[in-house]
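Thanks for coming. I will go through one structure today, piece by piece, and you can follow along on the screen.

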Amino acid sequence: MKALEELGETSLDRPTQKPPRGLEKVLATVGQTYLTIAMHHMSHGGQVADARRAAHRKPMFTPGA
């Protein structure tokens with residue numbers, strides 16, 4: 001959060017300098033890169049939740065509990 005605050009909102013539209021080959025469109029700007037990082041971790045969290053559900057295990061996190 002500190003890094004995002006230091007960048008400022010206008011810097012999020014800056015193009016990335018050297019995105020990995022094949023990810024140029026997904027990581028075209030600084031803002032898109034931060035969003036992709038957040039969504040990547042969230043996606044894996046969902047995969048873990050699905051695997052636990054399939055194995056008849058209780059959720060690891062229950063909102064509001």
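Let me begin with H56. This residue is exposed, because its relative accessible area is 75%, and the cut-off for exposed is over 50%. Keep in mind that what you see is a predicted model. As for its place in the chain, H56 sits in the segment after α2. Its backbone deserves a look as well: the phi angle of H56 is near 60°, which is a positive value in a residue other than glycine.

Now step back into the helix that H56 follows. How many residues does α2 have? The count is 25, and the helix runs over residues 30–54. From the first C-alpha of α2 to the last is 37 Å, close to the 36 Å expected at 1.5 Å a residue.

Inside α2 there is a pair of side chains to point out. D50 and R53 meet in a salt bridge, with 2.9 Å from N to O. In general, side chains of opposite charge can pair when their charged atoms come close. Why are D50 and R53 about one helical turn apart? Because they are 3 residues apart in helix α2. D50 counts as partly exposed, at 47% relative accessibility, while R53 counts as exposed, at 55%. If you search the whole structure, you find 1 salt bridge.

Next, the loop between α1, residues 2–7, and α2. T29 lies in that loop. Is T29 buried or exposed? T29 is buried, because its relative accessible area is 19% and the cut-off for buried is under 20%. Which residues does T29 touch, leaving out those up to four places away in sequence? They are L12, D13, R14, P15 and T16.

Then the start of the chain. M1 is in the segment before α1, and M1 is exposed, with a relative accessible area of 73%. Together with L4 and Y34, M1 forms a nonpolar patch on the surface. The accessible area of M1, L4 and Y34 together is about 310 Å². One distance from the same residue: the C-alpha atoms of M1 and L23 are separated by 24 Å, and these two residues are 22 residues apart along the chain.

Finally, the chain as a whole. Its secondary structure comes to 2 helices and 0 strands. The radius of gyration is 17 Å, well over the 11 Å that the globule rule gives for 65 residues, so the chain is more spread out than a compact globule. Along its principal axes, the C-alpha trace spans about 45 × 30 × 10 Å.

What percentage of the 65 residues count as buried? The figure is 8%, and T29, from the loop, is one of the buried residues. On contacts, take those with a separation of 6 or more: residues 24 or more positions apart account for 9% of them. The accessible surface of the chain comes to about 5,900 Å². Carbon and sulfur atoms hold 61% of that surface.

To recap three residues from the tour: H56 is exposed, M1 is exposed, and T29 is buried. That is all from me.

Conventions. Residues numbered from 1 in each chain as written. Predicted model: local features only at pLDDT ≥ 70, side-chain atom pairs only at ≥ 80, totals over all residues. Heavy atoms only, no water. Helix = DSSP H or I, 4+ residues; strand = E, 2+ residues; numbered from the N terminus. Buried < 20%, exposed > 50% of the residue type's maximum accessible area, 1.4 Å probe, protein only. Contact = heavy atoms within 4.5 Å. Expected span 1.5 Å × (residues − 1). Patch = residues over 30% accessible without salt bridge, like charges linked within 9 Å, V, L, I, M, F, W, Y side chains within 5 Å. Areas by Shrake-Rupley, 256 points an atom, 1.4 Å probe, with all protein chains shown as cover. Salt bridge = Lys/Arg side-chain N within 4 Å of Asp/Glu carboxyl O. Rg over C-alpha atoms; globule rule 2.2 N^0.38 Å.
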